[in-house]
Amino acid sequence: MSTPSPHGRSRIATLAVALAAASALTLTACDDDSGGSSTSSATPTAPDTASFSGNAASALASAEASVRAEASKRAASASAAASSFEASVSAEVERANKAARTELATVDGQGNAMSDVTMTGKPRSETGGLLAVVVTITNKTGKTASYAVQVDFLDSSGKVVETRYVGAEDLEPGQKAQPVAVSRKPTEPVLTPKLAKAQRY
């Protein structure tokens, strides 16, 4: 039997090392698949901060911009809600309001129907932030009647800064109507609504 040359022996040794490494890998894989625990553990490494983008200051600026955008969006939404509310009210009672204004133009004093009218504030959450009052008109007579009502909006000194007119036509005896008087003035300063005139005709 011939002895392997030095070059041959080197190749055999290399193959033996490779087979040993493959066997070790196979055993490790078998242990992991069968639910066994491996005794090796990876050493955690610190993250590469050079790959990070941004900083705390830019994050705060981004958050502030987001808050401002949300506030602007809500303001626009409130404005749209106010416009929508006012449009719906106007569409329903505009003709009666014009008739009321015309009727009250010739009335001296407070009119003959102050006792037939009451007012109730409407929540601003329902009006898009506008100041609005529900004017309840009740025909307390025994025959059909129409009504014209004037609502003044006063500032803190008692000065009239705005006047609105509402009306109800052809109310049967005992029948009620509830038109809404809406101020178009800014929400500040706060105004106070006052029943100024009420005429039955």
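Let me start with a small empty space: the largest cavity here has a volume of about 60 Å³. A search of the whole structure turns up 1 cavity of 30 Å³ or more. By cavity I mean a set of points, on a 1 Å grid over the protein atoms alone, where a 1.4 Å probe fits but cannot get out, with lining residues having an atom within 4 Å of a point. Grid points are joined across faces, edges and corners, and the volume is the space filled by probe spheres set on the points.

Before going on, a word on the model: it is predicted, local features need pLDDT of at least 70, side-chain atom pairs count only at pLDDT 80 or more, and totals for chains, interfaces and linings use all residues. Residues are numbered from 1 along each chain as its sequence is written, and side-chain values use heavy atoms, with hydrogens and water left out.

So what lines the largest cavity? Among the lining residues are Arg-124, Leu-130, Leu-131, Ser-183, Pro-189 and Leu-191. Pro-189 deserves a second look, as a cis peptide bond joins Glu-188 to it, with omega about -5 degrees. Pro-189 sits in the loop between strand 6 (180-182) and strand 7.

Now the overall layout. The chain has 2 helices and 7 strands, in the order α-α-β-β-β-β-β-β-β along the sequence. Helices (H or I, at least four residues) and strands (E, at least two) are DSSP runs, numbered from the N terminus. Of the 201 residues, 26% count as buried, where buried is under 20% relative accessible area, exposed is over 50% and partly exposed is in between (1.4 Å probe, protein chains only). Residues 24 or more positions apart make up 69% of the chain's contacts with a separation of 6 or more; a contact is heavy atoms within 4.5 Å.

On to strand 3, my favourite part. Why can we call strand 3 largely enclosed by the rest of the structure? Because 10 of its 10 residues are buried. Both faces are covered: Ala-145, Tyr-147, Val-149, Val-151 and Phe-153 are buried on one side, and Ser-146, Ala-148, Gln-150, Asp-152 and Leu-154 on the other.

Its partners come next; two strands pair if DSSP finds at least two bridges between them. Strand 3 runs antiparallel to strand 4, joined by 9 bridges, and Val-151 stands opposite Arg-164 there. These two strands form a hairpin with 5 residues between them, and Gly-158 in the turn has a positive phi of about 90 degrees. With strand 7, strand 3 pairs in the antiparallel sense over 8 bridges, Val-149 having Ala-198 as its bridge partner.

Let's turn to the packing. The largest nonpolar core has 19 residues, and Val-117, Val-135, Ile-137, Val-149 and Val-151 touch the most other members. Such a core is a set of buried Ala, Val, Leu, Ile, Met, Phe, Trp, Tyr and Cys residues joined through side-chain atoms within 4.5 Å. Strand 2 (132-138), strand 3 (145-154), strand 4 (160-171) and strand 7 (192-200) each give two or more residues to this core, with strand 3 providing the largest share, 5 residues. Another core of 5 residues lies apart from it, including Ala-132 and Val-180.

One last oddity: Asp-170 in strand 4 has a positive phi of about 55 degrees although it is not a glycine. At 55% relative accessibility, Asp-170 counts as exposed.

Note on methods
1 Å grid on protein atoms, 1.4 Å probe; cavity = no way out; pocket = protein on both sides within 12 Å on 5 of 7 lines; lining within 4 Å.
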